[in-house]
Amino acid sequence: MSGSTIGKNFTVTTWGESHGKALGVVIDGCPAGIPLSEEDIQKDLDRRRPGSSPYSTPRQERDRVSIMSGVFQGLTTGTPISLIIFNEDQRSQDYSQVAHIYRPGHADYTYHKKYGIWDYRGGGRASGRETAARVAAGAIAKKVLSELKIKIQAYTLSIGPIKIDPERFDEEEIYHNPMAMPDSEAAKKAEEYINLLKEKGDSAGGVVECTIQGLPPGVGEPVFEKLDAALARAIMSIGAVKGIEFGRGFQAAYLTGSQNNDSFSYTPDKGLVKLSNNSGGITGGISEGFPIVFRTAFKPTPSISIPQKTVTHDMQNTQLILTGRHDPVIVPRAVVVVEAMTAITLVDLLFQRILSRIDFIKKALS
């Protein structure tokens, strides 16, 4: 099975299934000399792990990570870093009812048609649990970015019809409510909304917004590896993501050129500034050096207990009522996954940036 590796200079390969013995990831291309501990990685894994709130699956996984290679005396060695996370709370029997049935909204049918066999226990590689390995790798990418004073911040912008109020934006609040919203009032309304859906056996989707601060200009490789194209590829690889937009995104299609263009201004004290940021910080597929902003749309969790029409493997019509442990909304847990895939992409393209000019190469070798 190909397609489990991303990156050229900073490569990340994930492995493992939802109900296998373990999940893991191998990171190659990480520079030597970066302080790294299991605790550094665990912080992000704890933000993603199941059973951490009333609005996530009750599956209890500690998601304890172990560093198997690539770190010595607390520093990265420049060799491949291998991480492993053992599964502890699988209940494969919960999926016996769907061993021969295609679940609506899941990848059961497509995986079966592609490979002729697939692990129906939690969806195998198509499970959201696979993202634990991504988050672990992303934590290492963030350590690289922190050395360069580059910050990534993602948060829940909306869940269903409930959207945050920018006037009440509080970054600390993201970590203090189960919705990962920077607006406590919106978070309470979102909780009420999810509770209503849980009673009905239904689920919700939402939007995650992500900002990048401190990225220098010049990152991105035209024409097929533009920064926004690379980020879109990485983010769209997350299960349940159905769309991504940068800056004004689809709204730009309804504007005129005079409304959408970002004007520049220069003063000796402030330097170059933009008077608006409709581009989202990326032009021509290359970073401008100004804040990057994008939004990611997540579909509702497909595992619901409402009766659904479907078919069996031998194409017999049937009705499915799912049982087991499922998230009524995955958006809050996906926030850190968006950060991880963003960090992995940025590190890879930042390393490529060094090769774009001879003066950069000379400076690196001097």
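This is a chat about how three helices pack, the pocket beside them and two backbone details in a predicted model.

Reader: Hi! How do people describe two packed helices?

Author: Two packed helices are described by the angle between their axes and the distance between the axes.

Reader: Cool, so what are those values for α3 and α7?

Author: Helix α3 covers residues 131–147 and helix α7 covers residues 331–354. Their axes are 7 Å apart, and the packing angle is about 50 degrees. That angle makes α3 oblique to α7.

Reader: Is their crossing left-handed or right-handed?

Author: The crossing of α3 and α7 is left-handed.

Reader: Which residues make the contact?

Author: From α3, the contact residues include T131, R134, V135, A137 and G138, and also A141, K142, V144 and L145. From α7, they include V336, V337, E339, A340 and M341, with L350 and F351 among them too.

Reader: And how do those residues divide into nonpolar, polar and charged?

Author: The contact of α3 with α7 has 15 nonpolar residues, 2 polar ones and 3 charged ones.

Reader: Let's bring in α1. How does α1 cross α3?

Author: The axes of α1 and α3 cross at roughly 140 degrees and come within 9 Å. This makes α1 oblique to α3, and their crossing is right-handed.

Reader: Who touches whom there?

Author: On the α1 side you'll find D40, I41, D44, L45, R47 and R48. On the α3 side, the contact residues include T131, A132, V135 and K142. By class, the contact of α1 with α3 divides into 7 nonpolar, 1 polar and 6 charged residues.

Reader: What about α1 and α7?

Author: Those two pack at an angle of about 145 degrees, and their axes are 7 Å apart. The contact is made by D44, R47 and R48 of α1, together with R333, V335, V336, V337 and E339 of α7. Sorted by class, the residues of this contact are 3 nonpolar, no polar and 5 charged.

Reader: New topic: pockets! What volume does the second largest pocket have?

Author: The volume of the second largest pocket is about 410 Å³.

Reader: Which lining residues are closest to its centre?

Author: There are 16 lining residues, and the closest to the centre are D44, R47, K142, I152 and E339. You've met some of these already: D44 and R47 of α1 touch E339's helix, α7, and K142 belongs to the contact of α3 with α7.

Reader: Nice link! Which elements give two or more residues to that lining?

Author: Those elements are α1 (38–48), α3 and β8 (151–159). The most comes from α3, which gives 5 residues.

Reader: How many of the lining residues are nonpolar, polar or charged?

Author: The lining of the second largest pocket has 9 charged, 5 nonpolar and 2 polar residues.

Reader: Last thing: what's going on with phi of K149?

Author: Phi of K149 is near 60 degrees, a positive value in a residue other than glycine. K149 sits in the loop between α3 and β8.

Reader: And the peptide bond from P222 to V223, is it cis or trans?

Author: That bond is cis, with omega near 0 degrees. You can look for V223 in the loop between β10 (206–213) and α5 (227–236).

Methods
Residues numbered from 1 in each chain as written. Predicted model: local features only at pLDDT ≥ 70, side-chain atom pairs only at ≥ 80, totals over all residues. Heavy atoms only, no water. Axes fitted to C-alpha atoms, helices over the stretch in contact; angles between N-to-C directions. Helix = DSSP H or I, 4+ residues; strand = E, 2+ residues; numbered from the N terminus. Parallel < 35°, antiparallel > 145°, perpendicular 65-115°, else oblique. Left-handed = near helix turned anticlockwise from the far one by under 90°. Contact = heavy atoms within 4.5 Å. Nonpolar A, V, L, I, M, F, W, Y, C, P; charged D, E, K, R; others polar. 1 Å grid on protein atoms, 1.4 Å probe; cavity = no way out; pocket = protein on both sides within 12 Å on 5 of 7 lines; lining within 4 Å. Points joined across faces, edges and corners; volume = space filled by probe spheres on them.
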